[in-house]
Amino acid sequence: MNAKSVIDDAASMSERMRTLLFLNGVGLLVLAILIGWVWFFTLLGKIVLWPLPIDITISVPDDGRAWRMAHMEGITHGLILMAFGAGGRFLRLRARQFTWFFWSAVVTAWLFTVPAIFNALFGTRGLSFGGAPFKGGLANDIIYLFGWPPVIGVHIMLGLGLLGVWRHLRTTA
């Protein structure tokens, strides 16, 4: 099979897949907003919404760096999924490649974001099994293990994304 027939066998991303990527991106942005509220109230040490008569003292782990990280993960990965959804017509891949692309993108986005929330809650980093040089423990080790699928997925997603754009470029005048 030559390169031309591979490109000819490829198609653009389906409208449904583009919509699902965009929907997951919006979901991550909504989650990022919720995380932002938690971060905000954590910094204050209480829930205050002036001029409303709400003043509730709270106790949430207050590692501002961790909450900022979780907030930014949601924003960044939400925007990435939305961009892939909006720009899916510029990718030319085969059906199976699109399946791999879609699931690697969704897994990458959600599993880089959600564990960051748990890192903020448990005071961990999840960067190494056992925690070294950071705080270890069961929570850290579980978060670390949940980090492997997105680490693999991001490379699949980006590799197929580049391949798809390259194929599209080769078919345009």
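Is Val-151 buried, partly exposed or exposed? In this predicted model, Val-151 has a relative accessibility of 34%, so Val-151 counts as partly exposed, because that class runs between 20% and 50%. You can find Val-151 in helix H6, which covers residues 148–171. Try tracing from there to Val-107: the two residues are 44 places apart along the chain, and their C-alpha atoms are separated by 9.6 Å.

Right beside Val-107 in the sequence comes a good second stop, Thr-108, which sits in helix H4. With a relative accessible area of 1%, Thr-108 is buried, since the cut-off for that word is under 20%. Which residues does Thr-108 touch, once those up to four places away in sequence are set aside? They are His-77, Pro-150, Gly-153, Val-154 and Met-157.

From here, let us turn to the interior. The largest nonpolar core has 26 residues, and Met-13, Leu-21 and Phe-101 are the ones that touch the most other members. Helix H2 (15–44), H3, H4 and H6 each supply at least two residues of this core. H4 has the largest share, with nine residues. As a general background, nonpolar side chains in soluble globular proteins tend to be buried together.

Met-13 is worth a visit of its own. Leaving out residues up to four places away in sequence, Met-13 touches Arg-18, Leu-21, Phe-84, Gly-88, Leu-91, Phe-98 and Phe-101. Two of these names, Leu-21 and Phe-101, were listed with Met-13 for touching the most other members of the core.

Next come the open spaces. Rolling a probe the size of a water molecule over the atoms shows where empty space is left. The largest pocket holds about 400 Å³ of space. Its lining is made of 18 residues, and Phe-112, Asn-119, Arg-125, Gly-126 and Leu-127 are the closest to the centre. Helix H3 (64–86), helix H4 (95–122), helix H5 (138–146) and H6 are the elements that give two or more residues to this lining. H4 gives the most, with five residues. What kinds of residue make up the lining of the largest pocket? They divide into 11 nonpolar, four polar and three charged residues.

Aromatic rings offer another way to look around. A pair of aromatic rings is described by the distance of the centres and the angle of the planes. The count for this model comes to eight aromatic pairs. In one of them, the rings of Phe-40 and Phe-41 have their centres 5.4 Å apart and their planes at 55°, so the pair is tilted. These two neighbours are classed by accessibility as follows: Phe-40 counts as partly exposed at 38%, whereas Phe-41 counts as buried at 11%. Ring pairs also bring in Trp-37, which forms a cluster with Phe-40 and Phe-41.

Finally, have a look at the backbone in two loops. Most peptide bonds are trans. Where, then, can cis bonds be seen here? One cis peptide bond joins Trp-50 and Pro-51, with omega about 10°. Pro-51 lies in the loop between strand S1 (46–48) and strand S2 (55–57). Another cis bond runs from Ala-132 to Pro-133, with omega near 0°. Pro-133 belongs to the loop between H4 and H5.

How values were computed: Residues numbered from 1 in each chain as written. Predicted model: local features only at pLDDT ≥ 70, side-chain atom pairs only at ≥ 80, totals over all residues. Heavy atoms only, no water. Helix = DSSP H or I, 4+ residues; strand = E, 2+ residues; numbered from the N terminus. Buried < 20%, exposed > 50% of the residue type's maximum accessible area, 1.4 Å probe, protein only. 1 Å grid on protein atoms, 1.4 Å probe; cavity = no way out; pocket = protein on both sides within 12 Å on 5 of 7 lines; lining within 4 Å. Points joined across faces, edges and corners; volume = space filled by probe spheres on them. Nonpolar A, V, L, I, M, F, W, Y, C, P; charged D, E, K, R; others polar. Core = buried A, V, L, I, M, F, W, Y, C linked by side-chain atoms within 4.5 Å. Contact = heavy atoms within 4.5 Å. Phe/Tyr/Trp six-rings, centres within 6.5 Å; stacked < 30°, edge-to-face > 60°.
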